[in-house]
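Q: Please take a close look at one part of this protein, the pair of helices that pack against each other, and describe how they are built and where they meet.

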Amino acid sequence: MGNVCDDHPIVDLRVLRYPQIWAGSLLAFSVGATLYGGIVIFPQYVQGALGFTATLSGELIFVRAAFIAVGAPLVVRLSTSGKVDTRYLLLTVSFWSGSRNSGSPG
């Protein structure tokens with residue numbers, strides 16, 4: 001008879017043998033890493049490598065967050081209407097918001 005922890009694990013990693021769960025876990029990890037990079041690593045990069053001040057770095061993050069806050073309801077409304085394919089909508093919005101935030105410090 002095995003240990004109680006062996007019989008009833010908190011997280012049963014055997015579910016990763018299913019491709020859908022494996023792909024979903026990989027996607028969740030990728031999204032988490034991207035969000036972490038955008039909030040923590042990106043300001044350090046623009047301050048260290050590009051010479052932004054802390055204020056300019058904060059303003060850059062604020063502008064990016066403002067685009068997300070304004071664009072999210074629009075994307076939801078367009079995607080639920082069925083008139084626009086969600087994949088192309090998200091791709092267009094991500095490229096557009098990324099291109100709007102590039103530039104050099106003041």
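A: What follows goes from the whole chain to the two helices, then to their contact, and ends with the surface.

This is a predicted model, in which local features need pLDDT of at least 70 and side-chain atom pairs count only at pLDDT 80 or more, whereas totals for chains, interfaces and linings use all residues. Residues are numbered from 1 along each chain as its sequence is written, and side-chain values use heavy atoms, with hydrogens and water left out.

The protein has 4 helices and 0 strands, and its elements run α-α-α-α from the N terminus on; helices (H or I, at least four residues) and strands (E, at least two) are DSSP runs, numbered from the N terminus. Of the 106 residues, 11% are buried, where buried means under 20% relative accessible area, exposed over 50%, and partly exposed in between, with a 1.4 Å probe and protein chains only. Among the contacts with a separation of 6 or more, 36% join residues 24 or more positions apart, a contact being heavy atoms within 4.5 Å.

Helix H2 covers residues 19–48, and its 30 residues reach 41 Å from the first C-alpha to the last, close to the 44 Å expected at 1.5 Å a residue; the expected span is 1.5 Å times one less than the number of residues. At Ile-41, shortly before the proline Pro-43, H2 has a kink of about 40°, the bend at a residue being the angle between axes fitted to the seven residues ending there and the seven starting there.

Helix H3 spans residues 54–81, and because its 28 residues should span 40 Å at 1.5 Å a residue, the 41 Å between its end C-alpha atoms agrees with expectation. H3 bends by about 35° at Gly-71, with a proline, Pro-73, following within four residues, and after the helix comes Gly-82, whose phi is positive, near 85°.

The buried residues of H2 are Gly-37, Gly-38, Pro-43 and Val-46, and they pack against helix H3. In H3, the buried residues are Ser-57, Leu-60, Gly-71 and Val-75. Val-46 of H2 counts as buried because its relative accessibility is 2%; leaving aside residues up to four places away in sequence, Val-46 touches Gly-51, Phe-52, Ser-57 and Leu-60. The C-alpha atoms of Val-46 and Leu-56, 10 residues apart along the chain, are separated by 9.0 Å. Seen from H3, Ser-57 is likewise buried, since its relative accessible area is 3%, and with the same exclusion of residues up to four places away, Ser-57 touches Pro-43, Val-46, Gln-47 and Phe-52.

At the surface, Leu-26 in H2 counts as partly exposed because its relative accessibility is 43%. Leu-26 belongs to a nonpolar surface patch of about 930 Å², together with Ile-10, Val-11, Leu-13, Val-15, Leu-16, Tyr-18, Ile-21 and Trp-22. Patches are made of residues with over 30% relative accessible area and no salt bridge, with like charges joined within 9 Å and nonpolar side chains (Val, Leu, Ile, Met, Phe, Trp, Tyr) within 5 Å, and a salt bridge is a side-chain nitrogen of Lys or Arg within 4 Å of a carboxyl oxygen of Asp or Glu. The structure holds 1 salt bridge: Asp-12 pairs with Arg-14, their closest N and O atoms being 2.9 Å apart.

How values were computed
Areas by Shrake-Rupley, 256 points an atom, 1.4 Å probe, with all protein chains shown as cover.
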